[in-house]
Amino acid sequence: MERIIIFDTTLRDGEQSPGMSMNLEEKLLVAEALDAMGVDVIEAGFAMASNGDFESVHAIAKLIKNSVVCSLARAKTADIERAAEALKPAKQSRIHTFISTSDIHLKYQFRLTHDEVLTIIKDTVGLARNYTDNVEWSAMDATRSDRDYLCKAVETAIKAGATTVNIPDTVGYATPDDYGLLIKYLKDKVPNIDKAVISTHCQNDLGLATANSLAAIRNGARQIECTINGIGERAGNTALEEVVMAIKTRHDIYPFECNIDTTHLTRISRLVQSITGASVQVNKAIVGANAFAHESGIHQDGMLKFAGTYEIMTPESVGLSKSNLVLGKHSGRHAFRERVQALGFDIGDNAFEEAFHKFKTLADKKKDIYDEDIIALLDGDTRAEAPVQLESLHITCGTVGPQTAMITLRINGEVRRATVEGNGPIDATFNAIMALVPHEAILKLYQVSAITQGTDAQAEVNVRLETPDGRFVNGTGASIDTVVASALAYINALCKLQTLQSRENPLPAAQAGGRK
Ligand code: KIV
């Protein structure tokens with residue numbers, strides 16, 4: 001059976017979307033999870049874009065054991081050299097270089113002729129080949145390019161040594177029929193096409209990214225570029241979970257295999273949601289909260305008789321456990337360990353004991369503990385070393401004002417307290433945190449969602465802060481108390497902000513910031 005190469009660009013195209021920047025530690029977490037899931041190629045970043053990007057590509061190259069690690073590079077000598085330098089520690093590396101081929105880009109943006117572009121392709125792909133024998137070349141805006149010129153450009157790239165040729169639908173303009181025909185045209189017309197893998201990279205501006213990618217593999221493409229949850233520029237990119245489950249579920253139409261362990265999909269989706277603060281909609285295919293929920297009576301009746309009546313894939317196949325065995329305060333270590341393992345977590349004995357203790361604390365407050373609660377508990381379990389920690393929070397709120405937050409934080413080991421009023425309990429809490437941890441970042445997003453059902457469900461809060469120089473950090477927090485979850489999320493974002501700033505320069509002198 002032919003293999004489809006899964007090329008994940010969550011850390012490059014995904015991270016390029018507004019407000020979704022990730023710090024180094026977060027990128028390493030995502031890269032490790034992608035590697036464990038079986039992604040073939042991880043596009044770790046764009047090494048030339050900034051020192052931070054270079055550092056992350058370099059650190060991911062060092063860390064990753066199985067996947068090929070890739071850096072993007074414009075068709076410029078300095079970019080390609082920087083990508084090669086960042087990728088040096090990788091066990092397997094790929095340089096991905098690109099240039100536009102559409103007349104609209106060449107005329108208005110780059111002011112280059114067709115012949116000039118062909119020369120640049122020859123030189124830059126050739127240069128990249130000096131560093132690695134795994135070189136991908138992309139024709140930016142391929143779907144709006146003249147077809148015969150695109151064929152010439154692809155032929156030139158392959159002659160110069162490209163082992164993968166990517167045909168991006170950069171502006172999300174293609175439809176499945178015409179994208180499929182374009183791939184077929186290249187396969188039929190480019191004389192040396194059999195020497196390279198044809199790749200797809202589809203933006204989702206018309207909501208067709210997944211359909212376009214699937215049409216491409218039916219017509220000869222063998223690599224799909226995609227991102228977790230479909231994040232990416234503008235309306236996003238092809239969602240990895242969608243193309244992978246389509247191939248798995250509709251083998252009759254897509255007779256291919258890929259290396260992805262689909263039982264990791266739910267967990268990695270949640271990880272990316274919690275890091276980026278971008279929650280997927282409840283009806284999102286594969287990973288949305290309702291993707292496996294059956295509400296109508298007729299559907300429920302069918303499901304009870306035989307799940308295949310209304311379910312085309314099983315919840316277990318994407319990493320949701322089907323079992324109705326809900327954990328609670330009487331559950332012991334054995335049941336908890338089994339559930340943790342079933343959810344795909346591989347944690348050592350000490351981490352397990354800590355997690356078990358937190359599980360018991362949560363179970364004392366919340367009757368039923370669902371898989372989502374355990375995932376939130378384990379994914380959020382990395383804050384023990386954080387420079388700012390929440391010690392306690394007491395709120396006065398309700399119809400009789402003023403709403404007041406009395407908060408105690410441990411800041412770099414020192415206990416500090418503040419009592420501050422606000423317009424409601426969240427505002428009071430955030431004001432109190434700001435009084436103790438002054439900063440200049442502005443709150444750009446505050447979002448609350450319930451992790452499970454019921455009035456005792458844990459709230460998950462996402463907070464996004466923007467620095468005065470236009471960078472973003474995301475923080476998350478989960479608790480059965482929405483105000484506590486909000487405080488945890490805000491503190492989490494502030495800790496990331498401190499890490500970001502201390503990497504570049506020490507924190508500015510403490511002064512109250514302007515939160516919007
Ligand atoms: O959308 C695009 O064209 C890209 C390429 C660099 C692959 O992101």
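**View 1. Ile-407 sits across from Ala-418 of β13 in this predicted model.** One step along, Thr-408 faces Arg-417, again in β13. The two strands involved here are β12 (residues 403-411) and β13 (residues 414-422), and they run antiparallel, joined over 9 bridges. Just 2 residues separate them in the hairpin, where Asn-412 adopts a positive phi near 45 degrees.

**View 2. Pull back a bit and you get an open sheet of 3 strands, ordered β11-β12-β13.** The pairing is antiparallel. β11 (388-396) and β13 are the edge strands with a single partner each, so one side of each has no neighbour in the sheet. From one strand to the next, the twist averages 15 degrees. Helix α16 (residues 425-436) packs on this sheet and touches β11, β12 and β13. Its direction makes about 140 degrees with that of β13.

**View 3. Now for the ligand and the residues around it: Arg-12, Asp-13, His-96, Phe-98, Ser-138, Met-140, Asn-166, Pro-168, Thr-170, His-201 and Gln-203.** Sorted by class, that shell is 3 nonpolar, 6 polar and 2 charged residues.

**View 4. Zoom in on polar side-chain atoms facing ligand oxygens, including one of Thr-170 at 2.6 Å.** Arg-12 places a polar side-chain atom 3.0 Å from an oxygen atom of the ligand, and for His-201 the distance to a ligand oxygen is 3.3 Å. On its own the ligand would expose 260 Å², and the protein buries 93% of that. As for where the shell comes from, α1 (10-14), β5 (93-100), β6 (135-140) and β7 (164-169) are the elements giving two or more residues to it.

Note on methods. Residues are numbered from 1 along each chain as its sequence is written. This is a predicted model: local features need pLDDT of at least 70, side-chain atom pairs count only at pLDDT 80 or more; totals for chains, interfaces and linings use all residues. Side-chain values use heavy atoms; hydrogens and water are left out. Two strands pair if DSSP finds at least two bridges between them. Helices (H or I, at least four residues) and strands (E, at least two) are DSSP runs, numbered from the N terminus. Axes are lines fitted to C-alpha atoms, for helices over the stretch in contact, and angles run from 0 to 180 degrees between N-to-C directions. Contact means heavy atoms within 4.5 Å. A residue is near a molecule or strand if one of its heavy atoms lies within 4 Å of it. A polar contact is a pair of N or O atoms within 3.5 Å; within protein, one must be able to donate a hydrogen and the other to accept it, and residues adjacent in sequence count only if both atoms are side-chain atoms. Accessible areas come from the Shrake-Rupley method with a 1.4 Å probe; for residues, only the protein chains shown count as cover. Ala, Val, Leu, Ile, Met, Phe, Trp, Tyr, Cys and Pro count as nonpolar, Asp, Glu, Lys and Arg as charged, and the others, Gly among them, as polar.
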